[in-house]
Amino acid sequence: MSDGTARWIGRPLRRREDPKFLQGKARYVDDLVVPNMTHLVVVRSTAAHAIIRQIKSDAARAMPGVLTVLTTREIAGRLRPVVPNPVEGAQVAPAPHPILAGDRVRYVGEPVAAVLATSHAAAEDAAQAIEIDYEHLPAVVDVAGSLAARATLHDHIADNVLVRWRRSHGDVEGAFARAAQIVRQQFHIPRLAAAPIETRGALAVYDAGSDLLTVWCSSQDPHRPLAQLSHVLSRPDDRIRVIVPDVGGGFGSKGGAPPEVAVAAWLAMETGRPVKWIEDRRENIAASYQGRGIEADVALAVDAEGKITGLRARVVADLGAYLYSATPLVPVTTSMLLTGTYAIPAASVEMLGVATNKVPTGPYRGAGRPEAAYLIEQMVDLSAHALQIDPVELRRRNLITSNQFPYRNPLGFTYDSGNYARALDRACELIEYERWRQEQRTRARGGHLIGVGVTLYVERAGSQLWESAAVSVSPNGRVTAKLGSTPSGQGHETTFAQIAADVLQINPDAVTVVQGDSAVVPRGVGTFGSRSTTIGGSALLTALERVKAKANRVAGALLEAPAADIVWSDGRIHVRGAPDRALTFTEVAAAAYQPAKLPADVEMGLDAQAVFRLPGPVFPFGAYAAVVD
């Protein structure tokens, strides 16, 4: 990190960002008020599957304070839906989420119309006055009904399969033919709602003079909403500014710009007035995309020594009525991680993502990785029971060993590093595994039940493989770090200040961290998939090292020594071997802005920008152990 002795990383500091939240001084989207502001309320489908015969909105349009009522007719040809992201190896059907429903609704909560009014109350009253005549159609609410085509959700997708993925490696058939034991189980992982403390929302303001659309958005970063709004509005991204203020949680559900934000942005440009959209809790549960929703049939082939020789699985994901941009990625990630931490030589997995009359799914709290861990770890426990082998012992016999890394699993991921056995052993040490197993057996004779559980996991992190950062130092030695990553509760401000303090040997209080404004921070990717410190922090580190290298040249000029001879020690900058004549970081920063003190080939100022790239995702791992009495 640095050749000095200061070490801020790893210290348990009080989080710098917390006081404003604890004191009620945070500013969320709904706290923002601008002159002439209008309010948007969305009318949502009450039918799971139906043809829209008629939308009666005349009464709503005539109500006091109502400025306009939108249906798909008004925006046809003017707003484009966001298409799903491609996923390597997957066939993805064209079924993007519409901005507003067309001639058919496909889930309860789907946006059908929108009301813009001078107050939120007026918009809500008008929304309730809109009458929608539905011709109800058969609905499918589970994957079995979808695969049986009890109802077809999209005319161009007769079998209701929105995403297909399949991969096979090794002699799977031979492994099962030779197996001493075949263990098979079916699993249901239910859907769930993210339910962040702050619901979704946005405030859109259009400045006709500069032709700039500014959107404050409760999001996990400004970059994805910016790209999506540019596409939806057919507008250059340099004419859009996305600002993410304080965010009350995301958990994956705020990974982009939902259709309602696009409507608010378009109306701001059309009317010339600011437009605010804030959903209520009922809307958030009904219409914000959900997570999980997996049906899986998994089988393991195990030999007489307890070695797992093959895995076969069929994963069916309930994707909901449409595909958001990241919807296909989640079940593919589950499928590719199904062999977990184990050296299983042969595996075959088929994944089908099917349409149902439910709100679409998307990334939530691990985005496919927890599902995979649940499935394979349950299967290992079932195998241990079938073979009457201790579950920890069976795991030890099958773990990928440390000398096998980098390890390519049979489903396509290359694990960069790991020591799974050590994690397992440490977990067992911490709970005194052997003692509790004996206690379990002893008490069971008296009818007293104790549960002892152990599990391992490996997950993919660092998605999208790059991030950016910029660092600037003022003449008084204060550091500003601008990052593409954006917080929604993770503690970025503290973490990134620690990194800067360590490299430049200053106090974290001298570091200002700036995030969440597309017009201020460098172009980046954002916060999801456990990537902020891994990639965003590495980008910051790279930029800081460049600043430090320039500071060495400035210090060298002041101390009349080559930059290579400059060393940093305990916050002092001096020539190697001559610590008595030293400069402070503030003195070097001040000199960087005085041309007379700089070498002719050194530009004035102390700043740098960097992009960090990974060759592939990283694969963190760990072990859990629990005793339940």
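**Exercise 1. In which strand does Leu 203 lie?** Place the residue, then work out its surroundings.

*Solution.* One thing before we start: this is a predicted model.
- Step 1: Look up the element. Leu 203 sits in strand E10, which covers residues 201–207.
- Step 2: Check the burial. The relative accessible area of Leu 203 is 0%, so this residue is buried, the cut-off being under 20%.
- Step 3: List the partners, skipping neighbours within four places in sequence. Leu 203 touches Val 29, Leu 32, Val 34 and Met 37, then Thr 214, Val 215 and Trp 216, and also Pro 274, Val 275 and Lys 276.
- Step 4: Try a long-range distance. Ile 431 is 228 residues away from Leu 203 along the chain, and their C-alpha atoms are 50 Å apart.

**Exercise 2. Describe how helices H7 and H8 pack.**

*Solution.* Here's the general recipe: two packed helices are described by the angle between their axes and the distance between the axes.
- Step 1: Get the geometry. H7 spans residues 223–233 and H8 spans residues 259–271; their axes come within 10 Å and cross at roughly 60 degrees. That angle makes H7 oblique to H8.
- Step 2: Add the hand. H7 and H8 cross in a right-handed way.
- Step 3: Name the residues. From H7 come Leu 229, Val 232 and Leu 233, and they meet Val 261, Ala 262, Ala 265, Trp 266 and Met 269 of H8.
- Step 4: Sort them by class. The H7–H8 contact has eight nonpolar residues, with no polar and no charged ones.

**Exercise 3. Explain why H7 counts as largely enclosed, and say what covers it.**

*Solution.*
- Step 1: Count. Of the 11 residues in H7, eight are buried, so the rest of the structure largely encloses this helix.
- Step 2: Name the buried ones. They are His 223, Pro 225, Leu 226, Gln 228, Leu 229, Ser 230, Val 232 and Leu 233.
- Step 3: Find the cover. It includes strand E11 (212–217), strand E12 (240–243) and H8.
- Step 4: Look just past the end of the helix. Right after H7, Ser 234 has a positive phi of about 50 degrees.

**Exercise 4. Do the same job for H10 and its contact with H11.**

*Solution.*
- Step 1: Count again. H10 runs over residues 329–336, and seven of its eight residues are buried.
- Step 2: Name them. The buried set is Val 330, Pro 331, Val 332, Thr 333, Thr 334, Ser 335 and Met 336.
- Step 3: Find the cover. Among the elements over H10 are strands E4 (90–92), E8 (161–169) and E15 (308–320), plus E16 and H11.
- Step 4: Get the geometry with H11. The two axes come within 8 Å and cross at roughly 35 degrees, and the crossing is right-handed.
- Step 5: Name and sort the contact. H10 supplies Val 330, Thr 333 and Thr 334, while H11 supplies Arg 369, Glu 371, Ala 372 and Leu 375. By class, that gives three nonpolar, two polar and two charged residues.

**Exercise 5. Is the loop residue Thr 361 buried or exposed?**

*Solution.*
- Step 1: Locate the loop. Thr 361 is between strand E16 (347–355) and helix H11 (369–387).
- Step 2: Read the accessibility. At a relative accessible area of 5%, Thr 361 is buried.
- Step 3: See what it touches. Beyond its neighbours within four places in sequence, Thr 361 contacts Arg 191, Tyr 289, Gln 290, Arg 292, Asp 318, Leu 319 and Thr 327.

**Exercise 6. How many disulfides does the structure hold?**

*Solution.*
- Step 1: Recall the bond. A disulfide is a covalent bond between the sulfur atoms of two cysteines.
- Step 2: Count. There are zero disulfides here.
- Step 3: Check two cysteines for burial. Cys 217 is buried at 2% relative accessible area, and Cys 428 is buried at 7%.

Key
Residues numbered from 1 in each chain as written. Predicted model: local features only at pLDDT ≥ 70, side-chain atom pairs only at ≥ 80, totals over all residues. Heavy atoms only, no water. Disulfide = S-S within 2.5 Å. Buried < 20%, exposed > 50% of the residue type's maximum accessible area, 1.4 Å probe, protein only. Axes fitted to C-alpha atoms, helices over the stretch in contact; angles between N-to-C directions. Helix = DSSP H or I, 4+ residues; strand = E, 2+ residues; numbered from the N terminus. Parallel < 35°, antiparallel > 145°, perpendicular 65-115°, else oblique. Left-handed = near helix turned anticlockwise from the far one by under 90°. Contact = heavy atoms within 4.5 Å. Nonpolar A, V, L, I, M, F, W, Y, C, P; charged D, E, K, R; others polar.
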